[in-house]
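Hi,

Here is the structure I promised to pass on to you. Have it open while you read, and turn it around as you go.

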Amino acid sequence: LLGGRVIAVVLTALTQVLIVRRLSTSDYAAWAYAFSAVLLLQILSSFGFQEAVPRFVAIYHERQDYPRMFGTMLLSVGLIALSGTLVIAAFFCFPDKLLALLHGQKESLTVLAVLIFMVPFEGFDGILMGIFATLASPRSIFYRRHVLAPSLRLAVVVLLIAGKASVLFLAYGYLASSVLGILLYTWILLRLLQHEGLLAHLRRDGINVPYRELLSFVAPMMTSDLLFVLSDSGLVLLIGYYYGLRDAALFRMALPLAAMNHIVNNMTGILYMPAAARMFANNDREGLEHLYWRTATWVAVFTFPVFVGTFAFARPLTIALY
């Protein structure tokens, strides 16, 4: 997974550099502002289920409580679909309000009108990744999330440059790649469930939705997700509102370089939560302590060189790329 994440970061960085060099300042400002809004809405509409799914699915799978395991999947997918639909409906019902927040920047509103449909699909992506991590399929995560997804977006940017297309082409291309990835992910998941013999339990035992346990867990998670997104995409929106879209674009341009410091932490977290949940289900306190310190050590060791490069050489690195 860490190797796959490195591949994804390289492809994403190349995509970012090509977008910045291809688009004009105003077009990139519109793109950066709209894309940051989508990331913000996607986190808020996920209700914290991206963290809850690997935890509860792992516990119920370990206990062979298949009705609750499938109920967890159903509830998370259903709520994300509902919230995503409400976000899209609200956008098209109140475009004048959004235009006022954008200081009349119609370009950003036009791009956002396309990217807004990515909100539910990006939420589904996070849920499916948690399920794959729980069912011990890191290979599927490697190909789908770290190879296919960034490769599709890079292909969209290459077509953008080759055809000298507009920023709207970029928005439609990103949306198409997101939809295609979810369809492929769903097909792989069904094959995985069938291979593990879990679909038979779905037909035999039915579904039991543990809404009380899930909602009690995701309520505080929503607060932490809100704080996280405000320190990332939320800052881009605030800068754009108070200082203008040009400054927001410059900030959004440099943000992926700084985010490289989260690579190791994010990747270990994907498999850490299901493993910790299984140990919790078995009351393996010693295993939990060992897992935590081993993971924390590797995160610190591998992240330090990235921090040195992005901090000590921030100026030459940014100028060389952009």
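Below is what turned up in it, one topic at a time. Keep in mind that this is a predicted model.

**A greasy spot on the outside**

Start with the surface. Leu-2, Val-6, Val-10, Trp-298, Val-301 and Phe-302 together make a nonpolar surface patch of about 540 Å². Which elements give two or more residues to that patch? They are α1 (2-22) and α15 (285-312). If you want one residue to find by eye, try Trp-298, which sits in helix α15. Trp-298 has a relative accessibility of 47%, so it counts as partly exposed; the cut-off for exposed is over 50%.

**Salt bridges**

How many salt bridges does the structure hold? There are four.

One of them joins Arg-278 to Glu-62, and their closest N and O atoms are 2.7 Å apart. This pair links distant parts of the chain: Arg-278 belongs to helix α14 (residues 263-281) and Glu-62 to helix α3 (residues 49-62), with their positions 216 residues apart. Glu-62 is partly exposed, because its relative accessibility is 32%.

Another salt bridge is formed by the side chains of Arg-153 and Glu-122, at 3.5 Å from N to O. Arg-153 is in helix α8 (residues 138-162) and Glu-122 is in helix α7 (residues 118-134), so this pair ties together parts that are 31 residues apart in sequence.

Then look at Asp-65 and Arg-68, whose side chains meet in a salt bridge of 3.1 Å, N to O. Asp-65 has a relative accessible area of 23% and is therefore partly exposed. Arg-68 comes out as partly exposed too, with 26% relative accessibility. These two are also part of something bigger than a pair: Asp-65, Arg-68 and Glu-213 are linked in a network of salt bridges.

**Two loop residues with a positive phi**

Next, a bit of backbone geometry. Gln-64 has a phi near 60°, which is a positive value in a residue other than glycine. Where does Gln-64 lie? You'll find Gln-64 in the loop between α3 and α4. Its relative accessible area is 57%, so Gln-64 is exposed.

Asn-283 tells a similar story: its phi is near 60°, again positive in a residue that isn't glycine. Asn-283 lies in the loop between α14 and α15. With a relative accessible area of 52%, Asn-283 is exposed.

**A helix you can check yourself**

Helix α13 (residues 245-259) makes a nice exercise. Its 15 residues, at 1.5 Å a residue, should span 21 Å. The end C-alpha atoms of α13 are 21 Å apart, so the expected span and the model agree. Which residues of α13 are buried? They are Leu-245, Ala-248, Ala-249, Arg-252, Met-253, Leu-255 and Leu-257. Here is a handy rule for reading a list like that: an α-helix has 3.6 residues a turn, so residues three or four places apart point the same way.

**Two buried residues**

Is His-146 buried or exposed? Its relative accessibility is 0%, so His-146 counts as buried. His-146 has its place in helix α8. Leaving out residues up to four places away in sequence, His-146 touches Leu-1, Gly-4, Arg-5, Ile-7, Ala-8, Ile-141 and Met-267.

Ser-83 is found in helix α4 (residues 66-93). At 8% relative accessibility, Ser-83 falls under the 20% limit and therefore counts as buried. What does the side chain of Ser-83 reach? It reaches the backbone oxygen of Ile-80, at 3.0 Å. Beyond its neighbours within four places in sequence, Ser-83 is in contact with Ser-45 and Phe-47.

**And one on the outside**

For contrast, go to Tyr-243, which lies in helix α12 (residues 233-243). Its relative accessibility is 64%, so Tyr-243 counts as exposed. If you'd like a distance to try in your viewer, take the C-alpha atoms of Tyr-243 and Phe-311: they are separated by 25 Å, and the two residues are 68 apart along the chain.

That's the tour. Have fun exploring!

Note on methods
Residues are numbered from 1 along each chain as its sequence is written. This is a predicted model: local features need pLDDT of at least 70, side-chain atom pairs count only at pLDDT 80 or more; totals for chains, interfaces and linings use all residues. Side-chain values use heavy atoms; hydrogens and water are left out. Patches are made of residues with over 30% relative accessible area and no salt bridge: like charges are joined within 9 Å, nonpolar side chains (Val, Leu, Ile, Met, Phe, Trp, Tyr) within 5 Å. Accessible areas come from the Shrake-Rupley method with a 1.4 Å probe; for residues, only the protein chains shown count as cover. Helices (H or I, at least four residues) and strands (E, at least two) are DSSP runs, numbered from the N terminus. Buried means under 20% relative accessible area, exposed over 50%, partly exposed in between (1.4 Å probe, protein chains only). The expected span of a helix is 1.5 Å times one less than its number of residues. A polar contact is a pair of N or O atoms within 3.5 Å; within protein, one must be able to donate a hydrogen and the other to accept it, and residues adjacent in sequence count only if both atoms are side-chain atoms. Contact means heavy atoms within 4.5 Å.
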